[in-house]
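Q: I'd like to learn how to read a model like this one, feature by feature. Can we put it on screen and start with the strands?

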Amino acid sequence: MPPLFDWEFAADPYPAYAWLREHAPVRRTELPSGVEAWLVTRYADARQALADQRLSKNPVHHHERSAHGKGKVGIPGERSANLMTHLLNIDPPDHTRLRRLVSKAFTPARVSEFEPRVRELTDRLIDGFAARGEADLIHEFAFPLPIYAICDMLGVPAEDQDDFRDWAGMMLRHHKPGEPGPPRGGVGRAVKKMRNYLAELIHRKREMPGDDLISGLIRASDHGEHLSENEAAAMAFILLFAGFETTVNLIGNGTFALLGHPRQRSLLRGAVADGDERLLATAVEELLRYDGPVEMATWRFATEALEIGGVRIAEGEPVLVVLAAADRDPAKFADPDVLDLERRDNQHLGYGHGIHYCLGAPLARLEGRLALSALLRRLPDVRLAVPPSELRWRGGLIMRGLRTLPVEFTPEPGDG
Ligand code: HEM
């Protein structure tokens, strides 16, 4: 079996996943943390496992739950009390109730109202570096865009959004290239600050509701049921975190894939110049399939003995569905290792499947479309500033994304 979880694997996990799909499609594996989990790599098995209600999201079902690090779903700060009861950690009927409540506040129509604001944000961020002829697209573009977008949606006032950006940066250990990372304990402090801020904000919105998502969450009710303040805080937190690093990586991985495929990129650039939205939409789906932000779906635990792909999984054992492997399965996708922005009927699992299917998919699609089109429009000759082998990938299990993406381009003329 090829080595999993080393540096080479982080840079390109796809050959190892191809091996697993072929030789050991449901495989018990020791993770870097020492925890053992089942990796599911074939598309058909993955889709079935994601919809299997016998696989619980609640870490209490993990047979080794008391040991360090067990049952984490990979969201910074998730261990923090009060923020635990979020959608990705719970099962029906609680999940059904909370998801119904949040869906009332987070509708596709509501998301599309944000289009002008996201458009303005993308342009403002590009204005920050367009005249320079070089930039780190992760730090200066992909990272700030989703945090500002989700802060706007939640109703975090503009003057507080830079604090959010800093806390989020600490929580992801994201920092400017060349600068030291967060101090020891910095992540915990950032989670605490964000939690306190959200609790305070929810309190304020309860007194004085506005036209924002947090007010919507407070207002949303179902058969007389409301979200408690704790539930609303956990919900705001999961929206921030499920919607943040994922979108950073959609923009980062997507741009990187385009830079490595000049013909596909010029096809898309032509479509953007002609205002052809259709190709932009299929391109975002294909980039999600080809090198999506969520490498593995979050942890699931067998509530009873069950079989996946003919392999027996015992009660209490953790299962990780490898979306990145499933989305390159030749049994499902023709030429799965080829980036084809025009791919039709692209039923990728990049947003998951079943009851935990990504709630924020409409927002992610909107941000992905607007970010890529703005980049191709404003920086038509954008290219990598370093050889691809020099790029470093973040090491996490669940998310797949670049640490930096240094690019060069012809500078835009300044204002004078
Ligand atoms: C390209 C960007 C994104 C990708 C690839 C993505 C992917 C996913 C995936 C794979 C899941 C399911 C995880 C599982 O079943 O274990 C998920 C769930 C979720 N996503 Fe996203 N996501 C993205 C953006 C967003 C955004 C922008 C938001 C919100 C602002 C969001 C909110 C959520 C929430 C709340 C869940 C949990 C839903 C539930 O458990 O019912 N996501 N996402």
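A: Sure, and keep in mind that this is a predicted model. For a sheet, look at strand order and pairing sense: here an open sheet of three strands runs β4-β12-β11, with antiparallel pairing. β4 (134–136) and β11 (383–384) are the edge strands; each has a single partner strand, so one side of each is left without a neighbour in the sheet.

Q: How many bridges pair β4 with β12, and in which sense?
A: Three bridges, in the antiparallel sense, with β12 covering residues 406–408. To pin the register down, pick one pair: Asp136 has Pro406 in β12 as its bridge partner.

Q: And how do I read β1 and β2?
A: Go about it the same way, by bridges and direction. β1 (residues 26–30) and β2 (residues 36–40) run antiparallel and are joined by five bridges. One pair to click on is Thr29 with Ala37, its bridge partner in β2. Then check the turn: this hairpin has five residues between the strands, and Gly34 takes a positive phi near 95 degrees.

Q: Let's move to the ligand. Where does it sit?
A: Ask which empty space in the protein it fills. In this model, the space taken by the ligand is the largest cavity.

Q: Which residues come nearest to the ligand?
A: There are 29 residues around it, and those that come nearest are His95, Arg99, Thr298, His356 and Cys358. Sorting the shell by class gives 18 nonpolar, nine polar and two charged residues.

Q: Which helices supply the shell?
A: Map the shell residues back onto the elements. α4 (94–105), α12 (229–242), α13 (245–259) and α17 (361–378) each supply at least two residues. The largest share, three residues, comes from α13.

Q: What polar contacts should I look for?
A: Look for N or O side-chain atoms close to ligand oxygens; the cut-off for a polar contact is 3.5 Å. Thr298 puts a polar side-chain atom 2.5 Å from a ligand oxygen. Arg99 has a side-chain N or O atom 2.7 Å from an oxygen of the ligand, and for Arg300 the distance from such an atom to a ligand oxygen is 2.7 Å.

Q: Which protein atom is a donor of the iron?
A: For a metal, list the donor atoms and their distances. The only protein donor of the ligand's iron atom is Cys358, through SG at 2.3 Å. In the chain, Cys358 lies in the loop between α16 (323–326) and α17.

Terms used
Residues numbered from 1 in each chain as written. Predicted model: local features only at pLDDT ≥ 70, side-chain atom pairs only at ≥ 80, totals over all residues. Heavy atoms only, no water. Near = heavy atom within 4 Å. Polar contact = N/O pair within 3.5 Å; in protein donor to acceptor, adjacent residues only side chain to side chain. 1 Å grid on protein atoms, 1.4 Å probe; cavity = no way out; pocket = protein on both sides within 12 Å on 5 of 7 lines; lining within 4 Å. Sits in = over half its atoms within 2 Å of the grid points. Helix = DSSP H or I, 4+ residues; strand = E, 2+ residues; numbered from the N terminus. Nonpolar A, V, L, I, M, F, W, Y, C, P; charged D, E, K, R; others polar. Donors = N, O, S within 2.8 Å, 3.2 Å for Na, K, Ca; no water. Pairing = 2+ DSSP bridges.
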